[in-house]
Each structure stands twice: as C-alpha cells, then as structure tokens.
Amino acid sequence: MTSVSTERVDIPASGIVLKGILTRDTSLSNPNKLAVLLHPWSWLGGSMRDPVLACVAESLVEQGWTLIRYNTRGSGGSGGRGSFSGMSEGEDVVEVVKWGLHTVGDSVSRLLVGYSYGALIASLCPLIVNGVQVEHAFISYPLGVRGLLTFFKTAYYKSKILELVMNGRVFFVYGDRDEFTSLSSYETLLQELEAPDSGQIMGCLVEGANHFWAGDRMDEMLRELVVWLSRQKNLVEERGETSAA
C-alpha cells in the first residue's frame, strides 16, 4: 500500500538556497528511483506547484519514484535572481540533482522531467552527473518561443539537445494544439534529431492536446510517460545498465 510523505526542503545551489518539496513513498523498503521535476517560467507565474507537474508527480510516485520539485532562483522563496538566458538555472539544476543523489542515496534510475520552460532548463543538465546517467523527459518543449525565453541563445539550446540525444535516451511529448509551437515545428525538430548514429529519442504526439494539457489529454500524456519509462527499464535490464526505469 502506498504511503506518501511530502516535506519541504532547502536545496543549496550555486551559493543560494532553493525552496523545494521532497515526495516519496515511505512504504518502500528500498526506494531507488529519483526524479527531479522542473516548472514553467517563473516570470509568468510558474512554480513547483504547477498543476501539470502536480499530476506528473502523483503519477510517478505511484510508480515508486522519489520526487524533487523546486522553485527556480528568484521565485517562490528561492534565493538569487532569475536570468534572462537560463544559464544560471541550468547550473542550479545540476546542483539539485547532486543534492538529490546524496539525499536519497543509491538509485538505479535518475530522471529529469521538464515542463514548458522547465524543459529548456532540464536540457542543460548533462547526461552524466556525479558519474551516473540521468535521462530526460520533455513535456511541451517550447520550441516556438525558445529564443524569447533564452535571450536568443537558440543555437546553444539546440546543441544541448543534440548532446543528450547522441548519447542518451530522451522523451518528447507534445500536443498538436500547442499555443506556442506548431506541430510542423515539433516534427521538424524530431526529424533532425533522429540521426542514424544517435541514442534513443522518442517523440509522442497527443492529438487534441494544447500546451496546458486540459481535460483527458493529461491522462493520455501521463500514460505515454509511464510507457516510455517502462521501455527504458526493459532496455536497462537487457543491457545490464543503470539508468531511468
């Protein structure tokens, strides 16, 4: 039986303190799956209590994941100031993952889930942190407004996505009614990323879904995420790896 515990935590990062929430299933004798969830742009009201992230968190904790959500710098009580480019936030997320690995202990699965602007910041976290591999899942990656959200560092953010795809496993889930990115833009991006010598990338279209996952489209998105994680588990077991599952 699931027994969920949620506690407020202070996470040191780059000389500041980030306010966060640690959620875990206390009924598990050996919790070994860690996920860090990143919220939409704080300058437009995004926070760790975003409703889409809350639904993702609920779904993942039911699958035995220990979760960290946090407010990015300069928002929701977190120290520092938000940057125009996202570079500082990218440094912070690496520190959050390191903190999570230390706090939760040994984990066989590590996952970053970024929603909207949070997907941009998640893409800045490298594949390897403290010698272990981290997988990446992007929900409603804001491709159409990437330049505006990153002070026009579009080429840099694209290069970070390519680095992840060439060596790891990446999941994109998006809707064909996204208000900020056209379906054709998503399709073009995925075609560019699906190189013969790349790692594993999965693009998942949820028909009828907008950027905010209203209605039953949310349920479909969560199912697709869980299915992808299950596939990663099978790959890990086949190859004898330690990765997201």
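This note takes up a helix, a cavity, a loop asparagine and two serines in a predicted model.

1. **Helix α6.** This helix spans residues 183-193. Its buried residues are Tyr 186, Leu 189, Leu 190 and Leu 193. Viewed down the axis of α6, these buried residues fall within an arc of 95 degrees, so they line one face of the helix.

2. **What covers that face.** The cover over the buried residues of α6 includes one helix, α5 (154-167). It also includes the strands β9 (169-175) and β10 (200-206). When checking the packing here, look at Tyr 186 and the three leucines, Leu 189, Leu 190 and Leu 193, against these elements.

3. **The cavity.** The count comes to one cavity of 30 Å³ or more. The largest cavity has a volume of about 30 Å³. Its lining takes in Trp 41, Ser 42 and Trp 43, then Thr 72 and Arg 73, then Gly 82 and Ser 83, and finally Glu 89 and Tyr 117.

4. **Character of the lining.** What kinds of residue make up the lining of the largest cavity? Three are nonpolar, four are polar and two are charged. Arg 73 and Glu 89 are among the lining residues, as are Trp 41, Trp 43 and Tyr 117.

5. **Asn 210: place and burial.** Asn 210 sits in the loop between β10 and α7 (217-239). Is Asn 210 buried or exposed? Its relative accessibility is 19%, and the cut-off for buried is under 20%. Asn 210 therefore counts as buried.

6. **Asn 210: contacts.** The side chain of Asn 210 makes a polar contact of 3.4 Å with the side chain of Glu 179. The Asn 210 side chain also reaches the backbone nitrogen of Trp 213, at 2.9 Å. Leaving out residues up to four places away in sequence, Asn 210 touches Ser 140, Arg 177, Asp 178 and Glu 179.

7. **Ser 140.** This residue, one of those touched by Asn 210, lies in the loop between β8 (135-139) and α4 (146-149). Its phi is near 50 degrees, a positive value in a residue other than glycine. At 0% relative accessibility, Ser 140 counts as buried.

8. **Ser 14.** Phi of Ser 14 is also positive, near 50 degrees, and again the residue is not glycine. Ser 14 is in the loop between β1 (4-13) and β2 (16-25). How does its burial come out? With 41% relative accessibility, Ser 14 counts as partly exposed, whereas Ser 140 counts as buried.

Notes. Residues numbered from 1 in each chain as written. Predicted model: local features only at pLDDT ≥ 70, side-chain atom pairs only at ≥ 80, totals over all residues. Heavy atoms only, no water. Buried < 20%, exposed > 50% of the residue type's maximum accessible area, 1.4 Å probe, protein only. Helix = DSSP H or I, 4+ residues; strand = E, 2+ residues; numbered from the N terminus. Arc of directions from axis to C-beta. Contact = heavy atoms within 4.5 Å. 1 Å grid on protein atoms, 1.4 Å probe; cavity = no way out; pocket = protein on both sides within 12 Å on 5 of 7 lines; lining within 4 Å. Points joined across faces, edges and corners; volume = space filled by probe spheres on them. Nonpolar A, V, L, I, M, F, W, Y, C, P; charged D, E, K, R; others polar. Polar contact = N/O pair within 3.5 Å; in protein donor to acceptor, adjacent residues only side chain to side chain.
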